[in-house]
Amino acid sequence: MYGLYTGNGASLLLYTAPILTFSRVLKKKSTEEFSCFPYLMTLFNCLIYTWYGLPIVSHLWENLPLVTINGLGILLQLVFIFIYFCYALPKEKVKVGVLFVPVVVMFGIAAAISAILFDDHPHRKSFVGSVGLVASISMYGSPLIVMKKVIETKSVEYMPFYLSFFSFLASSLWLAYGLLSHDLFLAAPNMVGAPLGILQLILYFKYKNKGASMTTMVMAKRDDEKKKGTIELVVDVVHDGDANEKNFKNSC
């Protein structure tokens, strides 16, 4: 039970880590280059495991901590997705809608099948746990999109450190708990999540200084372009002034 609450604590940190990212979105009123895909996959994961922990699937309230942490995760991810949708460009809003609807539909289908077609808790847990396995792998695999961007741009600006760190921490703790409790449905997805978390951290520490130097170079380049533009503007103004003066003299 101690391991379960430790895993819940790590999951809480994972689910709340995007608060830092979305405070930036609210401040700048723009989603910039951030992707909404990880939050949609996390929502799907939280929906499935909340259902997994409810008495209709599990025996009584044996998995109550699973319900509480993932129920909170649902609320947080819905808030993050709503904020993202409000400040995203029209093209990104379409992407959010295209992904959000299938997530809700797939959860609804999984919940209906488990409640209607299976008569006992073991079979329901096996079915929902299998769907949860896919959901968790999707959640832990979703940062691959961001990692691809990190490698291409050599910048970790849009891969927040705390999200990567808490993802690694949560998956590692749940992996340990799943192995110790002999629960395949808890251990298996984290066998994917833990290595991916390590890979994110490796990429972060590899490119964090390069990203900072590139950002400095870009800012310096922009400053140079602004200065150059100002000088050219002054030259144009002086040139136009001389031309107007010359034309005035000629007309006189």
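Reader: What is the relative accessibility of Lys 28?

Author: The model is predicted, and local features are reported only at pLDDT of at least 70, side-chain atom pairs count only at pLDDT 80 or more, and totals for chains, interfaces and linings use all residues. Residues are numbered from 1 along each chain as its sequence is written, and side-chain values use heavy atoms, with hydrogens and water left out. Buried stands for under 20% relative accessible area, exposed for over 50%, and partly exposed for the range in between, with a 1.4 Å probe and protein chains only. Lys 28 counts as partly exposed because its relative accessibility is 47%.

Reader: Which residue meets the side chain of Lys 28 in a salt bridge?

Author: A salt bridge requires a side-chain nitrogen of Lys or Arg within 4 Å of a carboxyl oxygen of Asp or Glu. The pair that includes Lys 28 satisfies this at 3.5 Å, N to O. The partner is partly exposed, at 26% relative accessibility. The residue is Glu 32.

Reader: Why does the salt bridge between Arg 24 and Glu 157 tie together separate parts, and how many residues apart in sequence are they?

Author: The two side chains meet at 2.8 Å, N to O. Helices are DSSP runs of H or I with at least four residues, strands are runs of E with at least two, and both are numbered from the N terminus. Arg 24 lies in helix α2 (residues 18-28), whereas Glu 157 lies in the loop between α7 (144-153) and α8 (161-180), so the distance in sequence between the parts is 133 residues.

Reader: Which residues are linked with Arg 24 in a network of salt bridges?

Author: Arg 24 is partly exposed at 22% relative accessibility, and Glu 157 is partly exposed at 37%. The pair of Arg 24 and Glu 157 and the pair of Lys 28 and Glu 32 belong to one network. The residues linked with Arg 24 are thus, by that network of salt bridges, Lys 28, Glu 32 and Glu 157.

Reader: In which helix do Glu 152 and Lys 148 both lie?

Author: The side chains of Glu 152 and Lys 148 form a salt bridge at 2.7 Å, N to O. Both residues are exposed. They are 4 residues apart, about one turn of the helix, and that helix is α7.

Reader: What is the volume of the largest cavity?

Author: On a 1 Å grid over the protein atoms alone, a cavity is a set of points where a 1.4 Å probe fits but cannot get out, and its lining residues have an atom within 4 Å of a point. Grid points are joined across faces, edges and corners, and a volume is the space filled by probe spheres set on the points. A search of the whole structure finds 2 cavities of 30 Å³ or more. The largest cavity has a volume of about 290 Å³.

Reader: How many charged residues are in the lining of the largest cavity?

Author: The lining comprises 21 residues, with Pro 38, Tyr 39, Ser 142, Pro 143 and Leu 163 nearest the centre. Helices α1, α3 (37-53), α6 (121-141) and α8 each supply at least two of the lining residues. Ala, Val, Leu, Ile, Met, Phe, Trp, Tyr, Cys and Pro count as nonpolar, Asp, Glu, Lys and Arg as charged, and the others, Gly among them, as polar. The lining divides into 14 nonpolar and 7 polar residues, and the number of charged residues is none.

Reader: Which helix gives the most to the lining of the second largest cavity?

Author: The second largest cavity has a volume of about 160 Å³. Of its 17 lining residues, Tyr 15, Asn 45, Ser 136, Tyr 140 and Trp 174 are closest to the centre. The lining divides into 11 nonpolar, 6 polar and no charged residues. With 4 residues, the helix that gives the most is α1.

Reader: Is Asn 8 buried or exposed?

Author: Asn 8 lies in helix α1 (residues 2-16). Leaving aside neighbours within four places in sequence, Asn 8 is in contact (heavy atoms within 4.5 Å) with Pro 65, Leu 66, Thr 68, Ile 69 and Trp 174. At 8% relative accessibility, Asn 8 counts as buried.

Reader: What is the angle between the planes of Phe 161 and Tyr 204?

Author: Rings of Phe, Tyr and Trp (its six-membered ring) pair if their centres lie within 6.5 Å; planes under 30 degrees apart are stacked, over 60 edge-to-face and the rest tilted. By this rule there are 15 aromatic pairs. Phe 161 and Tyr 204 form a tilted pair, at 5.0 Å centre to centre and with an angle between the planes of 45 degrees.

Terms used. On a 1 Å grid over the protein atoms alone, a cavity is a set of points where a 1.4 Å probe fits but cannot get out, and a pocket is an open set with protein on both sides within 12 Å along at least five of seven lines; lining residues have an atom within 4 Å of a point.
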